[in-house]
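Please open the model in your viewer and keep the selection panel at hand. The stops below go from one selection to the next, with a short account of what is found at each.

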Amino acid sequence: MRRLYTVVSLSVGTLLAAMALSGCAGASDGRRIVRIGHNQATDHPTHVALLEFESYVEDRLGDRYNVEVYPSELLGSQTDMVQLTQTGAIDFCVASNSILETFSDNYTLFNMPYLFASAQAYHASMDDPQITGPIFDSTKKAGFEAVTWIDAGTRNFYTVSTPIESPADLKGLKIRVQQSPTNVEMMRLLGGSATPMGFGEVYTALQSKIIDGAENNEMALTSNGHGDVCKFYSYDMHQMIPDILIGNCAFLDGLSPEDRAVFEEGFLLVNQVERQEWTKAVEAAKQKAENEQGVQFLYPDTAPFQEICLPMHQSVLGQYPDLKPFYDAIQEHNRANGPEGGGTQ
Ligand code: GCU
């Protein structure tokens with residue numbers, strides 16, 4: 001990551017042109033540059049975990065690989081970065097599972113609202129290779145594959161000035177959602193007006209009142225400053241959507257078995273470090289949002305929200321019947337790890 005600060009002032013276009021000239025993924029000092037892009041700030045658990053990955057790989061293979069982590073959409077929006085990873089212009093990026101739904105229908109599974117009965121059920125499902133394995137491999141033909149998942153907590157609604165206590169409060173509000181058909185449909189059912197846009201545009205849209213609110217985990221309030229504008233955060237708990245670290249298949253397949261093993265250990269480390277950091281970061285974000293930004297946290301009854309969203313499970317499974325076995329396996333984890341041992345339905 002030695003060159004991060006020299007690229008901060010370059011536009012994405014300039015940066016990508018420079019990469020193209022240096023020959024796709026490029027090389028420095030005879031070492032292969034491994035570029036990883038993500039859209040979070042440098043204080044975010046994702047960035048901390050990717051820096052650990054960089055150290056892990058360079059400590060073992062630093063004579064041959066120079067890992068560079070680009071935060072804050074320096075390489076473009078998540079959709080841009082997935083496309084760059086697909087073509088091999090960069091080697092890895094972190095993409096929300098929501099965005100991946102537009103590249104492969106299989107990812108629709110983890111975007112369903114109220115899919116997981118608890119954080120434990122969510123973690124157990126995402127840690128289950130029988131569930132994630134086939135889905136993570138399913139984009140290989142498109143040039144990329146998922147190498148690990150990253151916890152992104154629970155998504156909840158937050159608004160500039162309207163406390164959301166029940167679905168009725170969403171009526172008529174313009175709420176930013178991620179660019180995925182599932183999220184747009186969820187918002188439609190809940191009665192709000194879905195406004196899909198990239199993550200980097202949300203702060204300005206809130207500030208200029210183009211939208212009335214958004215939905216995300218608590219980190220968006222602090223790390224992205226949304227809590228400076230939005231004063232009500234409601235724990236309706238509608239989704240637990242993981243982030244996914246994806247890699248270019250040609251790069252991964254070109255690694256020797258020994259190098260690949262080190263990269264695989266590094267991917268595992270990304271998952272572990274991020275999860276440890278996540279719990280602390282969310283607690284700190286809540287404290288900061290409440291005490292310094294004046295955000296009020298609300299705890300509405302989640303049942304009316306769930307009731308409206310649950311029919312989506314059957315409609316998604318009707319549209320994508322291949323997802324049924326994975327959905328059923330998640331229900332097993334829900335039964336084993338749900339509140340009082342019960343699932344969502
Ligand atoms: C979370 C998630 C990001 C995503 C963002 C969004 O921050 O970790 O991957 O881009 O939400 O709402 O777009």
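Begin with the two domains of this predicted model, and place a marker at the C-alpha centre of each, since the centres of domain 1 and domain 2 lie 25 Å apart. To colour them, use the bounds of the domain assignment, which gives 4–153 + 241–282 as domain 1 and 155–239 + 293–320 as domain 2. Where the two touch, 25 residues from domain 1 and 24 residues from domain 2 make up the contact. On the domain 1 side, select α4 (78–87), α5 (97–100) and α12 (257–291), the elements that each give two or more residues to the side touching domain 2. That side of domain 1 holds 9 nonpolar, 12 polar and 4 charged residues.

Next, select the ligand together with the residues around it, namely Asn39, Gln78, Ser96, Ala152, Gln178, Phe199, Asn216, Ala220 and Asp243. Sorted by class, this shell has 5 polar, 3 nonpolar and 1 charged residues. Where does the ligand lie with respect to domain 1 and domain 2? Both domains give residues to the shell, so the ligand lies between them.

Now hide the ligand and show the largest nonpolar core, which has 84 residues, with Ile36, Cys93, Ala95, Ile175, Leu245 and Ile246 having the most contacts inside it. Helix α12 supplies the largest share of this core, 7 residues. Because domain 1 and domain 2 both give residues to the core, it too lies between them. Centre the view on Leu245 and, leaving aside its neighbours within four places in sequence, look for its contacts with Phe92, Val94, Ala146, Val147, Thr148, Ile150, Phe267 and Val270.

From there, move to Glu264, which lies in helix α12. Is Glu264 buried, exposed or partly exposed? Glu264 has 14 other C-beta atoms within 10 Å and is therefore partly exposed. A distance drawn from the C-alpha atom of Glu264 to that of Val57, 207 residues away along the chain, should read 9.8 Å.

Finally, zoom out to the whole protein chain, whose secondary structure comes to 15 helices and 12 strands. The C-alpha trace spans about 60 × 45 × 30 Å along its principal axes, and the radius of gyration is 20 Å, which agrees with the value near 20 Å for a compact globule with 345 residues. Buried residues make up 43% of the chain, and, among contacts between residues at least 6 apart in sequence, 75% join residues at least 24 apart.

Note on methods
Residues are numbered from 1 along each chain as its sequence is written. This is a predicted model: local features need pLDDT of at least 70, side-chain atom pairs count only at pLDDT 80 or more; totals for chains, interfaces and linings use all residues. A residue is near a molecule or strand if its C-beta atom, placed from the backbone, lies within 6 Å of it. Ala, Val, Leu, Ile, Met, Phe, Trp, Tyr, Cys and Pro count as nonpolar, Asp, Glu, Lys and Arg as charged, and the others, Gly among them, as polar. Domain bounds come from an automatic or database domain assignment. Two residues are in contact if their C-beta atoms, placed from the backbone, lie within 7 Å. Helices (H or I, at least four residues) and strands (E, at least two) are DSSP runs, numbered from the N terminus. A residue is buried if 20 or more other C-beta atoms lie within 10 Å of its own, exposed if 12 or fewer, and partly exposed in between; C-beta atoms are placed from the backbone. A nonpolar core is a set of buried Ala, Val, Leu, Ile, Met, Phe, Trp, Tyr and Cys residues joined through C-beta atoms within 7 Å. The radius of gyration is taken over C-alpha atoms; the globule rule is 2.2 Å times the number of residues to the power 0.38.
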